[in-house]
Amino acid sequence: MNGKDIAAEKSKTAKAEGERDNYKSQLDTAKEALAKFDGINVEDLKGQITKLQADIKAKDNAYGIPRACGGDPETKGLGS
């Protein structure tokens, strides 16, 4: 190999190392984000969401405000 070939290979290596470092950084960030969810029970959250949605629907119905029709719970009337 001559000097030109070596320089080209060094350039390719540097580029590959930069990409590797970028992917490692992304992986570390993803791991940190996922660690925040450790111990969270997804099924329990789904149940809570379903219950809260039912509670909201019941309150809207109690006020006679169908949310799907643009109901505004603040003014107890239809949206503008």
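Which residue caps the N-terminal end of α1? In this predicted model, that residue is asparagine 2, with a side-chain oxygen 3.0 Å from the backbone nitrogen of lysine 4. I shall begin with the overall architecture and then turn to the helices, the charged pairs and the surface.

The protein chain contains 2 helices and 2 strands, arranged along the sequence as α-α-β-β. Of its 80 residues, 4% are buried. The accessible surface amounts to about 7100 Å², and carbon and sulfur atoms account for 57% of that area.

A word on confidence before the details. The mean pLDDT of the chain is 85, and 79% of the residues reach 70 or more. Helix α1 has the highest confidence, at 94, while strand β2, residues 77-78, has the lowest, at a mean of 52. Where pLDDT is low, the predicted coordinates should not be read in detail. I shall therefore leave the geometry of β2 aside, given its mean of 52 and that general caution.

Let me now take the two helices in turn. Helix α1 covers residues 3-35. Its 33 residues, at 1.5 Å a residue, should span 48 Å, and the end C-alpha atoms lie 47 Å apart, in agreement with that expectation. Helix α2 runs over residues 42-63. For its 22 residues the expected span is 32 Å, and the distance between the end C-alpha atoms is 32 Å, which again agrees.

The N-terminal end of α2 is also capped by an asparagine: a side-chain oxygen of asparagine 41 sits 3.0 Å from the backbone nitrogen of glutamate 43. After α2 comes glycine 64, which has a positive phi, near 75°.

I turn next to the charged side chains. Side chains of opposite charge can pair when their charged atoms come close. In this model the count is 5 salt bridges, and I shall describe some of them.

Glutamate 43, whose backbone nitrogen takes part in the cap of α2, also has its side chain in a salt bridge with lysine 46, at 3.6 Å from N to O. Why are these two separated by about one helical turn? They are 3 residues apart in helix α2. Glutamate 43 is exposed, at 57% relative accessible area, whereas lysine 46 is partly exposed, at 47%.

Further along α2, lysine 51 and aspartate 55 form another salt bridge, with their closest N and O atoms 2.9 Å apart. This pair is 4 residues apart, about one turn of the helix. Lysine 51 has a relative accessible area of 52% and is therefore exposed, since the cut-off is over 50%. Aspartate 55, at 32%, counts as partly exposed.

A further salt bridge joins arginine 20 and aspartate 21, where the closest N and O atoms are 2.9 Å apart. Aspartate 21 is partly exposed, with 42% relative accessibility.

Finally, the nonpolar surface. Which residues make the nonpolar surface patch of about 490 Å²? They are Leu34, Phe37, Ile40, Leu45 and Ile49. Phenylalanine 37 lies in the loop between α1 and α2. At 55% relative accessibility, phenylalanine 37 is exposed.

To close, the chain follows the pattern α-α-β-β, asparagine 2 caps α1 and asparagine 41 caps α2. The salt bridges include two pairs in α2, glutamate 43 with lysine 46 and lysine 51 with aspartate 55.

Definitions and conventions
Residues numbered from 1 in each chain as written. Heavy atoms only, no water. Salt bridge = Lys/Arg side-chain N within 4 Å of Asp/Glu carboxyl O. Buried < 20%, exposed > 50% of the residue type's maximum accessible area, 1.4 Å probe, protein only. Patch = residues over 30% accessible without salt bridge, like charges linked within 9 Å, V, L, I, M, F, W, Y side chains within 5 Å. Areas by Shrake-Rupley, 256 points an atom, 1.4 Å probe, with all protein chains shown as cover. pLDDT = per-residue confidence, 0-100. Expected span 1.5 Å × (residues − 1). Polar contact = N/O pair within 3.5 Å; in protein donor to acceptor, adjacent residues only side chain to side chain.
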